[in-house]
Number of protein chains: 2
Amino acid sequence: MDTKRTYNYRIEPRDVDFMRRATLMALVDYLLHTAGEDADRNGFGVRDLNLNNASWVLTRLAVEIDRMPDEYEPVRVTTWVSNITRAMTTRNFDILDERGERIAGAVSNWAMIDLSTRRLLDLHQLAAYDTMTQDFPLPAALPRRLATPHPTEQFTHTVAYSDLDFNGHANSVKYLQWVIDTLPLEWLRSRRFARVEINYLQETRHGDVLALLAERSADDCLYEIRNARDEAACRIACHMV
Amino acid sequence: MDTKRTYNYRIEPRDVDFMRRATLMALVDYLLHTAGEDADRNGFGVRDLNLNNASWVLTRLAVEIDRMPDEYEPVRVTTWVSNITRAMTTRNFDILDERGERIAGAVSNWAMIDLSTRRLLDLHQLAAYDTMTQDFPLPAALPRRLATPHPTEQFTHTVAYSDLDFNGHANSVKYLQWVIDTLPLEWLRSRRFARVEINYLQETRHGDVLALLAERSADDCLYEIRNARDEAACRIACHMV
């Protein structure tokens, strides 16, 4: 019997911006937290994979947002796995409000890597993982491969201690934060994000000096975050309404 | 009957650094979250005060840390109010582990301000708040008035969208993050914070370009965060062991 598993949260004061609505970073944090909890609960969490010197790596994420939830609002995140290939698995999310109405939908792609070689591992090695897939309509359009922008502006960020996660790499949510922090405050005040797509391409480490190359129009922006070797570490596309 | 009220948390993956231990920012976040919850529950929360166009402002904080909790570790925060004067109230915290052993103790000072004039309000206006005080030994030495450093190093930070809280000012925890992000990674790897004191002096806003003036020795650092008008916005002292 197919079911979406449900995780309950509340939008806390630390999750909101100056408009008392959840930031996009907070929403993505709840998605990633849900992914971690759900994988843990089913025996495929980071700690389980670590026992075999393996770990999950988020490779792509697409989030479609209908509205930003308010401070103190209870939200329900449902999640399910829809697809498993050799190199990639798809995990989906709905974010629902108390009445069951959709706040956002998201689709994420994950790979499993060997922690020593950083190489991809075959997901079919996780024999029981194959039983995890469930067949529901996708909650958002699949995250695409994003193109390199034709940049008109450039920003810089040096990866700091507070950007690091337990792997010693910059946390996935931080890339989004660096990009959003470059947007004019007036855009963030008068509009909201309708769709965000992220391609994670390379890990970044403490002290890495990153260039954020931005192509921006009235409603859309496309960023490429390049490392000191001039390689793309991440691309982010945002559509605002 | 005097009791300390208890709030339960777990150190989540997003709370830890590259050593898989809670960051100081995460610990302080749990303290502030607990303060907010406890004030709410007793009818003195920000939302209650907002009804009278008033709000809480954190003015000083001292945290004494015995050890940094690990990823996934359950922690229990107890809190109580110990003192109320016209201009200031003292809220205390213990952070305990599952066995009831102390992880950290903290003392915070709060003022109540009028949201229009930003002036201090008399705390005795909150008639029932006077019944909140409880008489337990202080969990840490009181936060002192910190002196201006004799700086040997200087850093800069521009207040970004992700630094803002629901008041449109930089979040209290962010001042600590800006300072800690300037410390050599090797210090953070090989030592831990034993005591941290913060004086909050002025609010800062989006786009404010701040100077972080640092006086640092082997075990101690004293920072002053100055705004563009060259006023001290915050001072932070850290003792590492």
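In what order do the 10 strands of the open sheet in chain A line up? The legends below start there, and every view is taken from a predicted model.

**View 1. The open sheet of chain A, strand by strand.** The order is β1-β3-β4-β5-β2-β7-β10-β9-β8-β6, and the pairing is antiparallel. At the edges sit β1 (5–10) and β6 (153–158) of chain A, each with a pairing partner on one side only. Going from one strand to the next, the twist averages 20°.

**View 2. Zooming in on β2 and β5 of chain A.** Strand β2 (residues 54–65) and strand β5 (residues 102–114) of chain A run antiparallel and are joined by 11 bridges. For a handy landmark, look for A:L58, which stands opposite A:W110 in β5(A). Remember that in a regular strand the side chains alternate between the two faces of the sheet.

**View 3. Two helices of chain A against the strands.** Helix α1(A) packs on the sheet and touches β1, β2, β3 (74–84), β4 (89–96), β5 and β7 (193–200) of chain A. Its direction makes about 140° with that of β1(A). What does α3(A) lie across? The strands in question are β2, β6, β7, β8 (209–216), β9 (220–226) and β10 (232–240) of chain A, and α3(A) runs at about 125° to β7(A).

**View 4. A salt bridge between β1 and α1 in chain A.** The side chains of A:R5 and A:D38 meet here, with N to O at 2.5 Å. This pair ties together distant parts of the chain: A:R5 belongs to strand β1 of chain A and A:D38 to helix α1 of chain A, 33 residues apart. For the bigger tally, the rule counts 48 salt bridges over all chains.

**View 5. Strands β1, β3 and β4 of chain B.** Strand β1 (residues 5–10) of chain B runs antiparallel to strand β3 (residues 74–84) of chain B, with 6 bridges joining them. One spot to find is B:Y9, whose bridge partner in β3(B) is B:V75. β3(B) also pairs with strand β4 (residues 89–96) of chain B, again in the antiparallel sense, over 8 bridges. Here B:T78 has B:D94 in β4(B) as its bridge partner. β3(B) and β4(B) make a hairpin, with 4 residues between them.

**View 6. Where chain A meets chain B.** On the chain A side 32 residues are in contact with 32 residues of chain B. About 3,100 Å² is buried between the two chains, and carbon and sulfur atoms give 53% of that. Which three residues supply more of the area that chain A buries against chain B than any other three? They are A:R14, A:Y161 and A:F166, together supplying 26%.

**View 7. Polar and charged links across the interface.** Between chain A and chain B the rule finds 14 residue pairs in polar contact, along with 2 salt bridges. One salt bridge to zoom in on is A:R10 with B:E37, where the closest N and O atoms are 2.6 Å apart. The elements giving two or more residues to the side of chain A that touches chain B are α1 (24–41), α2 (46–50), α3 (172–180) and α4 (185–190) of chain A. α1(A) gives the largest share, 5 residues. Sorted by class, this side of chain A has 12 nonpolar, 8 polar and 12 charged residues.

Conventions:
Residues are numbered from 1 along each chain as its sequence is written. Chains are lettered from A and ligands numbered from 1 in the order in which they are written. This is a predicted model: local features need pLDDT of at least 70, side-chain atom pairs count only at pLDDT 80 or more; totals for chains, interfaces and linings use all residues. Side-chain values use heavy atoms; hydrogens and water are left out. Contact means heavy atoms within 4.5 Å. Buried area is the accessible area (1.4 Å probe) that two parts lose on being put together, summed over both. A salt bridge is a side-chain nitrogen of Lys or Arg within 4 Å of a carboxyl oxygen of Asp or Glu. A polar contact is a pair of N or O atoms within 3.5 Å; within protein, one must be able to donate a hydrogen and the other to accept it, and residues adjacent in sequence count only if both atoms are side-chain atoms. Ala, Val, Leu, Ile, Met, Phe, Trp, Tyr, Cys and Pro count as nonpolar, Asp, Glu, Lys and Arg as charged, and the others, Gly among them, as polar. Two strands pair if DSSP finds at least two bridges between them. Axes are lines fitted to C-alpha atoms, for helices over the stretch in contact, and angles run from 0 to 180 degrees between N-to-C directions.
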